[in-house]
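Trainee: I would like to learn how to read a model like this one, feature by feature. Where do we begin?

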Amino acid sequence: MTEVPFSDLAPAEAAARWRVRLDDPDATEADWLAYETWLTAAPEHQQASAALDSALIDAELAADQIRSLDARVPDASPEAERGTVVPLRPKRPRAAAWWGAAAAIAAGTAFLMLRPPLDPTLRVTTRTYEAPATRDETIRLADGSQIRLNRRAAVEVAQSPARRAVTLLRGEAAFTVAHDAARPFEVLAGDARVVDVGTEFNVARDGHKLVVTVRSGVVDLHTRAAAPKTLRAGMQARVERGTVRVAAADPDAALAWTEGHLVFRDAPMSEVVSDLNRYSDRPIRLEGGDASRFSGVLMIDETDRMLDQLQQVSSVRVAKSRDGFVVKAAPAR
Amino acid sequence: MSPPSSPLIDAYLARRPALVRFFAARTRSDAEAEDIVQELFVRIAKVPAETVENPAAYLYRLGSNIHLDRLRSARRSVARDAAYQETMGDGDAADPISAEPSPEARWTARRRLAEVMAVVETFPPQRLRVFTRHKLDGRSYAEVAAELGISKSAVEKHMMAALRQLAELGS
């Protein structure tokens with residue numbers, strides 16, 4: 001499932017290929033970033049790279065000896081040295097699957113933004129990341145972008161020289177996107193697609209519900225149901241049941257989880273309980289309807305302590321159930 | 001007084017964290033990465049922006065050269081001492097204050113040079129020619145290909161084979 005370029009080769013061989021590719025004056029930034037992906041994939045890769053650096057420096061120091069060696073070799077016609085021709089690019093099956101899925105999302109919209117690649121050697125590397133149930137996880141991409149996965153969130157990251165695409169499979173993630181006008185950064189979640197060039201934004205996915213909040217920069221939100229929306233800093237879009245609602249929102253509240261607390265502003269209790277479930281190992285259910293709304297800050301902590309906090313700052317009562325907890329909202333007056 | 005902006009400096013500023021991260025992975029040292037990226041800025045401040053075609057790739061390439069420069073100086077001082085000691089004898093015991101490379105470091109340097117020579121001596125003639133011209137004389141693939149009358153991809157294949165053997169030496 002993961003496809004780091006040259007990962008099928010022995011480290012020394014891969015290090016050599018990378019050096020040759022990067023010595024070429026036509027090498028691009030994408031090549032260097034792909035090299036970084038390979039470098040950080042395994043300690044043996046870094047060791048092989050360092051060994052090569054070392055040996056080349058030594059060879060320079062012994063340059064005179066090596067040149068005299070070369071001079072001694074009779075200048076015969078170049079021998080036909082046939083090595084096996086191994087394609088420099090990884091195989092494509094993974095890329096084909098990705099393009100296919102993306103084309104399915106694009107169907108029904110006016111945008112043909114993703115087309116099957118004409119170049120059969122298009123280099124796409126794909127990797128899946130998951131955060132455990134007990135804490136969040138930060139992924140740093142080769143291009144400098146950062147994805148902070150909240151608990152149990154999962155993303156699939158696909159990078160090519162022309163595009164960076166992240167599929168939010170489930171959960172919530174905060175994105176800090178490194179500016180690269182030549183390679184737009186896209187987040188795919190269900191039918192929705194968030195396109196951005198260089199920003200900070202939060203995407204929370206809960207089944208078919210999606211909330212996108214922008215902290216800085218600009219993103220374009222494409223959905224099957226509605227016309228594309230441009231979201232600027234301080235704006236939030238809620239995608240639910242075929243509708244997209246855009247409103248002003250405090251991005252710091254949406255991204256507060258990255259600092260260890262949850263901020264709610266006039267949120268329905270169902271949303272509070274839904275968010276709390278993300279941090280709980282046992283199910284929390286809401287009883288008594290959704291009439292109450294909550295504004296306040298909760299520190300992310302053990303489940304019972306979080307519910308304790310909630311009980312102290314709101315009018316709900318928390319009780320243990322057979323397999324978890326029940327939050328009883330006070331009836332509306 | 002801040003330097004005038006240029007596409008190269010803009011590219012550097014936008015990528016500085018990415019560059020530090022890359023060189024930290026390359027050198028396995030955060031401190032070394034910071035030094036390299038700092039030196040990179042000093043060097044690009046002198047380059048007229050018009051001459052650089054692909055600023056981003058240029059930054060990585062220049063940074064790599066700086067990394068190799070630093071390796072080279074570190075290695076040279078040890079190797080130079082190894083050569084010096086061979087001709088002049090070991091003399092006094094190493095002075096702990098002067099931070100000379102220890103006898104062990106000098107021996108390691110000599111052994112490494114010997115290992116590299118041993119590998120290079122196994123190169124078939126064409127591989128040796130390509131390696132010498134590209135790595136030691138600093139000529140581009142295109143230039144080496146032209147000089148030897150072979151294709152650029154043949155040059156690349158020879159280099160790959162040579163580099164693979166050198167990488168297998170292990171650090």
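Mentor: We go through the chains, then the interface, then some salt bridges and one buried residue.

Mentor: This is a predicted model, in which local features need pLDDT of at least 70 and side-chain atom pairs count only at pLDDT 80 or more, while totals for chains, interfaces and linings use all residues. Residues are numbered from 1 along each chain as its sequence is written, chains are lettered from A and ligands numbered from 1 in the order in which they are written, and side-chain values use heavy atoms, with hydrogens and water left out.

Trainee: How many helices and strands does chain A have?

Mentor: Helices (H or I, at least four residues) and strands (E, at least two) are DSSP runs, numbered from the N terminus. Chain A has eight helices and 18 strands. Chain B has seven helices and zero strands, so its pattern along the sequence reads α-α-α-α-α-α-α.

Trainee: What share of chain A counts as buried?

Mentor: A residue is buried at under 20% relative accessible area, exposed at over 50%, and partly exposed in between (1.4 Å probe, protein chains only). Of the 333 residues in chain A, 47% are buried; in chain B, buried residues make up 42% of 171. Accessible areas come from the Shrake-Rupley method with a 1.4 Å probe, and for residues only the protein chains shown count as cover. The accessible surface is about 16000 Å² for chain A, 51% of it from carbon and sulfur atoms. For chain B the surface is about 8900 Å², with 53% from carbon and sulfur atoms.

Trainee: What part of the contacts in each chain links residues 24 or more positions apart?

Mentor: Contact means heavy atoms within 4.5 Å. Among contacts with a separation of 6 or more, residues 24 or more positions apart account for 47% in chain A and 57% in chain B.

Trainee: How is the size of an interface stated, and what is the area buried between chain A and chain B?

Mentor: The size of an interface is often given as the accessible area lost when the parts come together. Buried area here is that loss (1.4 Å probe) for two parts put together, summed over both. Between chain A and chain B about 5000 Å² is buried, and carbon and sulfur atoms give 64% of this. The contact takes 55 residues from chain A and 54 from chain B.

Trainee: How many residue pairs are in polar contact between chain A and chain B, and which elements of chain A take part?

Mentor: A polar contact is a pair of N or O atoms within 3.5 Å; within protein, one must be able to donate a hydrogen and the other to accept it, and residues adjacent in sequence count only if both atoms are side-chain atoms. The count between the two chains is 14 residue pairs, both residues being at pLDDT 80 or more. On the side of chain A that touches chain B, the elements giving two or more residues are helix 1 (11–23), helix 2 (29–39), helix 3 (43–61) and helix 4 (63–72). Helix 3 of chain A gives the largest share, 16 residues. By class, this side has 30 nonpolar, eight polar and 17 charged residues. Ala, Val, Leu, Ile, Met, Phe, Trp, Tyr, Cys and Pro count as nonpolar, Asp, Glu, Lys and Arg as charged, and the others, Gly among them, as polar.

Trainee: How many salt bridges cross the interface of chain A and chain B?

Mentor: Side chains of opposite charge can pair when their charged atoms come close. The rule asks for a side-chain nitrogen of Lys or Arg within 4 Å of a carboxyl oxygen of Asp or Glu. It finds nine salt bridges across the interface and 39 over all chains. One of them pairs B:Arg15 with A:Glu29, the closest N and O atoms being 2.5 Å apart. B:Arg15 lies in helix 1 (residues 7–27) of chain B and A:Glu29 in helix 2 of chain A, so the pair joins two chains. B:Arg15 is buried at 15% relative accessibility, and A:Glu29 is buried at 14%.

Trainee: Which residues are linked with A:Arg67 in a network of salt bridges?

Mentor: The network links A:Asp64, A:Arg67, B:Arg133, B:Asp137, B:Arg139 and B:Glu147. Within it, B:Asp137 and A:Arg67 meet at 3.1 Å, N to O.

Trainee: Where do B:Arg43 and B:Glu39 lie?

Mentor: Both are in helix 2 (residues 30–44) of chain B, four residues apart, about one turn of the helix. Their side chains form a salt bridge at 3.2 Å, N to O. B:Arg43 is partly exposed at 26%, as is B:Glu39 at 30%.

Trainee: Is A:Val316 buried or exposed?

Mentor: A:Val316 is buried, at 0% relative accessibility. A:Val316 sits in the loop between helix 8 (303–313) and strand 17 (317–320) of chain A. Leaving out residues up to four places away in sequence, A:Val316 touches A:Met269, A:Leu310, A:Gln311, A:Val327, A:Lys328 and A:Ala329. A:Lys328 is 12 residues from A:Val316 in sequence and 5.5 Å away in space, C-alpha to C-alpha.
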